[in-house]
Amino acid sequence: MPSTPILNNANPFDDPAGSGSEAGAAELDSHNVLSVDRNATLTLGTDALIVLDEGLRHRRAAANCCGLVPQLGKTTRAIPFYNVLWAELKEFDVTIHYALNTGKKSCAVAYINYNIVDKSLHAKSWIDRLLQRAYPPNTKRRKRIKVLINPFGGQGYAQKLWTRGVEPIFAAAHCEVEVEKTACRGHAVEIAEKMNVDAYDVIACASGDGLPYEVFNGLARRENAVRALKKVAVAQIPCGSGNAMSLNLNGTDSPSLAALAIVKGIRIPMDLVAITQGSNKYYSFLSQAVGIIAESDLGTESLRWMGSFRFTWGILVRLLGQTLYPAEVSVVVENDDKHAIKEAYRHAIQVSEVARAKQLTQDDREEDRLLNGQDNDIPTLRYGTVQDNLHSDFQTGDMPTLGNFYVGNMCWVSPDAAFFATALPSDGKVDMVNIDGLLPRSKSLQMLASAGDGGVIDLPEVSYRKVRAYRITPRVHQPPSQKRLRAKFRQWLGGAGKQKEGLIAIDGEAQCMNLVA
Ligand SMILES: Nc1ncnc2c1ncn2[C@@H]1O[C@H](COP(=O)(O)OP(=O)(O)OP(=O)(O)O)[C@@H](O)[C@H]1O
């Protein structure tokens with residue numbers, strides 16, 4: 001995962017490599033400084049390129065108040081290495097393109113250009129050193145990116161968001177880009193199934209979470225599926241109504257900031273959850289939901305006129321009406337102690353931060369195995385399919401008053417809901433949340449409010465477990481005869497008037513389930 005560099009309180013002009021002696025320090029300093037025209041210098045600092053230029057003062061002053069009022073501007077500018085997209089030397093001209101933050105949630109390509117004063121080979125090696133800092137050893141430069149655009153994703157602006165906010169960043173970073181628009185539902189599955197995975201480093205989906213879901217499933221259908229899944233990274237350029245993948249992996253739901261995160265991103269392994277239903281098999285990267293969340297997301301089609309408020313409305317109607325989704329649930333539990341789950345999470349984060357600080361490159365042996373074509377088939381499922389007998393590791397329970405069944409592999413499910421606060425992308429487990437449908441209404445609302453800061457796990461009424469596998473068999477809910485009319489009214493009010501089947505949301509995509517009597 002890419003990280004925004006932290007500008008700590010160290011002197012930004014210090015070289016991170018340190019210096020042994022004063023003479024050594026002076027030599028290092030001179031290596032890191034490039035003298036350019038207009039009496040300016042460009043210095044490689046700890047985390048940023050420092051531009052020291054008297055001219056900046058006048059330019060900034062001019063930008064204020066139409067330049068009529070003399071003002072003192074700064075003469076230095078720090079460009080974090082993370083934001084540096086490319087640097088090149090042509091003749092005696094140095095040009096550095098970078099991503100300039102243009103607001104809290106956007107960036108755009110900007111550049112600086114100077115004529116070099118020192119005409120020796122120093123400038124060339126300085127540029128190399130700048131690029132090494134902009135792209136540490138674990139970060140691939142000039143990524144080859146296959147971009148898939150869902151023209152109907154979100155509110156239909158994916159093409160515009162791509163052209164305005166993303167394409168210029170990929171171009172400035174010298175990425176090789178090939179763009180294809182999806183023509184219909186399922187098209188991304190087909191593209192991922194047939195593409196030459198050796199020709200690309202990344203498949204970037206300008207869409208909601210639906211396209212990455214299709215891409216994973218397309219890659220998983222191939223011969224040598226494991227090789228394909230490991231070879232090419234899947235990323236999201238957030239252009240949909242659900243952009244959880246980008247929130248979790250790029251740390252943003254802004255298309256331009258996500259573009260920068262992809263340019264600077266490193267590959268990380270991520271678990272996929274295999275789901276079998278009848279004879280079908282799907283792979284999920286994000287979440288599966290049965291009950292209130294799934295029904296509010298997918299069972300509110302008749303309320304589309306409400307826009308995105310239909311989801312909130314759907315949840316409120318179902319929560320306040322204490323709607324039940326009874327089911328039999330069998331689970332292979334890894335850990336059901338919330339305190340231990342949180343401790344294990346903290347430890348895992350510390351370990352991953354150490355690895356990130358060391359800028360570890362991908363394990364060479366892993367790379368060899370990929371290229372030599374070993375371990376390329378998807379392994380058989382450890383706990384079998386839904387058509388097999390239950391493995392002895394499963395614990396089965398009846399949940400007659402289940403309200404919400406939610407399983408996740410990533411923390412954020414939307415910008416204001418960190419539902420799975422301890423989810424780790426590749427620990428071989430998923431976080432399972434079960435909430436009783438008869439929870440007092442005030443508690444239900446409290447639970448909704450606590451999702452924003454990841455507090456769901458701390459609510460005593462919420463069952464939160466790390467699990468390895470589960471099986472859910474939803475049942476028909478038959479309210480007592482005197483309450484049936486009210487239940488039908490609530491169903492209509494919640495947007496699921498004519499719905500007969502149960503719904504399971506896999507990464508936000510709908511699958512129907514037969515309800516067992
Ligand atoms: N050209 C197209 N026409 C119709 N549907 C398409 C097209 N391209 C992709 N799709 C489908 O659109 C669905 C939703 O895609 P996506 O996740 O990108 O958008 P979204 O707005 O976040 O979706 P949702 O409203 O379902 O959350 C996917 O299932 C995908 O297969």
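Begin by selecting H97 and, in strand 7, Y111, which is the bridge partner of H97; keep in mind throughout the tour that this is a predicted model. Widen the selection to strand 6 and to strand 7 (residues 106-115), and you will have two strands that run antiparallel and are joined by 10 bridges, with a hairpin of 2 residues leading from strand 6 to strand 7.

Next, add strand 5 (residues 84-90), which is antiparallel to strand 6 (residues 93-103) and is joined to strand 6 by 6 bridges. At one position of this pairing K90 stands opposite D93, and in the hairpin of strand 5 and strand 6, where 2 residues lie between the strands, E91 takes a positive phi near 55°.

Now turn to the largest nonpolar core, which has 125 residues, and colour V84, I169, I203, A204 and A206, the members that touch the most others. Helix 9 (residues 255-263) is worth showing as well, since with 7 residues this helix gives the most to the core. In soluble globular proteins, nonpolar side chains tend to be buried together. Centre the view on A206 and, leaving aside its neighbours within four places in sequence, look for its contacts, among them V147, L148, I149, W162, I237 and C239; N150 is also on that list.

Finally, select the ligand and the 22 residues around it, of which G153, S207, G208, G210 and G240 come nearest. Colouring this shell by class will show 13 polar, 5 nonpolar and 4 charged residues, and displaying helix 6 (residues 210-220) will bring up the element that gives the most to the shell, with 3 residues.

Conventions. Residues are numbered from 1 along each chain as its sequence is written. This is a predicted model: local features need pLDDT of at least 70, side-chain atom pairs count only at pLDDT 80 or more; totals for chains, interfaces and linings use all residues. A nonpolar core is a set of buried Ala, Val, Leu, Ile, Met, Phe, Trp, Tyr and Cys residues joined through C-beta atoms within 7 Å. A residue is buried if 20 or more other C-beta atoms lie within 10 Å of its own, exposed if 12 or fewer, and partly exposed in between; C-beta atoms are placed from the backbone. Helices (H or I, at least four residues) and strands (E, at least two) are DSSP runs, numbered from the N terminus. Two residues are in contact if their C-beta atoms, placed from the backbone, lie within 7 Å. A residue is near a molecule or strand if its C-beta atom, placed from the backbone, lies within 6 Å of it. Ala, Val, Leu, Ile, Met, Phe, Trp, Tyr, Cys and Pro count as nonpolar, Asp, Glu, Lys and Arg as charged, and the others, Gly among them, as polar. Two strands pair if DSSP finds at least two bridges between them.
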